[in-house]
Every structure is written in C-alpha cells, then in structure tokens.
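Dear colleague,

I am passing on to you the structure below, together with a summary of what was found in it. Please read the notes with the sequence and the structure at hand.

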Amino acid sequence: MTVKMKERSLFANGCLVQSSVDLYVAAPANKEETVVIPLGTVGIILERDSSRPSNTIYVQFLKGQTWWVRADEIEPHSP
C-alpha cells in the first residue's frame, strides 16, 4: 500500500516553535534592564537566514518580541 507524504522542515516560515533555553535580549536604548524570553515561550518563525554561518532564524515570540535566534535556541512547539 502506498502512502502519499509531503516532507516539510520543522523550522520553515510560519511554523510554531518554543524557546529551548532562556534567551537574554539586549535592552532597548530607553531601558536599562535586559529583556528575558523565558524557556518554553511560544513563537512563530517569520524568516530564515541560511546564508549566515550560525543559521539564524527570525522569530516573533509572544507579547510581540521579535528576535534573531540560533537554531539550537528553539525547538518545534509541542502542546
């Protein structure tokens, strides 16, 4: 019996992901404290930049926080 399947990357644009570590984001110019995106925060992949050596991914996390992260700092979302 044949099964039709379509292969898809887990880190494609539009896929849900979650942070696999606490991410420390540089503070904006008007704030003195560092922003932390806690472990397990859900986000959606907006863009992927495979031309960079570290394979960075642009992710929008909850509360509208967007940040470039490395592929080893996120994992596929599991509810």
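Strand 5 and strand 6 are paired in the antiparallel sense, with 5 bridges between them. Please bear in mind that this is a predicted model. Within this pair, Ile 57 has Val 69 of strand 6 opposite it. The two strands make a hairpin, and 4 residues lie between them.

The turn of this hairpin deserves a remark. Lys 63, in the loop between strand 5 and strand 6 (66-70), has a positive phi of about 70 degrees although it is not a glycine. Most residues other than glycine have a negative phi. The relative accessible area of Lys 63 is 81%, and the residue is therefore classed as exposed, for which the cut-off is over 50%.

At the start of strand 5 (residues 56-61) one finds Thr 56. Is Thr 56 buried or exposed? With a relative accessible area of 8%, Thr 56 is buried, since the limit for that class is under 20%. Apart from neighbours within four places in sequence, Thr 56 has contacts with Arg 48, Asp 49, Trp 68 and Val 69. Of these, Val 69 is the residue that stands opposite Ile 57.

Strand 5 also pairs with strand 4, again in an antiparallel manner, through 6 bridges. Here Ile 44 has Gln 60 of strand 5 as its bridge partner. Ile 44 also contributes to the surface: together with Leu 16 and Leu 46 it makes a nonpolar patch of about 230 Å². Leu 46 belongs to strand 4 (residues 42-49). With a relative accessible area of 37%, Leu 46 is partly exposed.

The sheet as a whole can now be described. Which order do the strands of the open sheet follow? Its 5 strands are arranged as 6-5-4-1-7, with antiparallel pairing. Strand 6 and strand 7 (74-76) are at the edges; each has a single partner strand, so one side of each lacks a neighbour in the sheet. From one strand to the next, the twist averages 45 degrees.

At the strand 7 edge, strand 1 (residues 16-19) and strand 7 run antiparallel and are joined by 3 bridges. Gln 18 is placed opposite Glu 75 of strand 7. Gln 18 is also touched by Gly 40, as is Ser 19, when residues up to four places away in sequence are not counted. Gly 40 itself lies in the loop between strand 3 (35-37) and strand 4, and it is partly exposed at 34% relative accessibility. Gly 40 and Ser 78 are 38 residues apart along the chain, and their C-alpha atoms are separated by 9.6 Å.

Turning to charged side chains, how many salt bridges does the structure hold? There are 2 salt bridges. Arg 70 forms one with Asp 72, where the closest N and O atoms are 3.1 Å apart. Glu 73 forms one with Arg 70, where the closest N and O atoms are 3.4 Å apart. Through shared partners, these salt bridges join Arg 70, Asp 72 and Glu 73 into one network. The members of the network are covered as follows:

- Arg 70 is partly exposed, at 38% relative accessibility.
- Asp 72 is exposed, with a relative accessible area of 52%.
- Glu 73 is buried, with a relative accessible area of 15%.

Some overall figures complete the account. The protein has 0 helices and 7 strands, so that its elements, read from the N terminus, run β-β-β-β-β-β-β. Of its 79 residues, 24% count as buried. The protein exposes about 5900 Å², and carbon and sulfur atoms supply 54% of that area. Among contacts between residues at least 6 apart in sequence, 42% join residues at least 24 apart.

For a first look at the structure, the hairpin of strand 5 and strand 6, the nonpolar patch of Leu 16, Ile 44 and Leu 46, and the network of Arg 70, Asp 72 and Glu 73 are the topics treated above.

With kind regards

Methods. Residues are numbered from 1 along each chain as its sequence is written. This is a predicted model: local features need pLDDT of at least 70, side-chain atom pairs count only at pLDDT 80 or more; totals for chains, interfaces and linings use all residues. Side-chain values use heavy atoms; hydrogens and water are left out. Patches are made of residues with over 30% relative accessible area and no salt bridge: like charges are joined within 9 Å, nonpolar side chains (Val, Leu, Ile, Met, Phe, Trp, Tyr) within 5 Å. Accessible areas come from the Shrake-Rupley method with a 1.4 Å probe; for residues, only the protein chains shown count as cover. A salt bridge is a side-chain nitrogen of Lys or Arg within 4 Å of a carboxyl oxygen of Asp or Glu. Buried means under 20% relative accessible area, exposed over 50%, partly exposed in between (1.4 Å probe, protein chains only). Contact means heavy atoms within 4.5 Å. Two strands pair if DSSP finds at least two bridges between them. Axes are lines fitted to C-alpha atoms, for helices over the stretch in contact, and angles run from 0 to 180 degrees between N-to-C directions.
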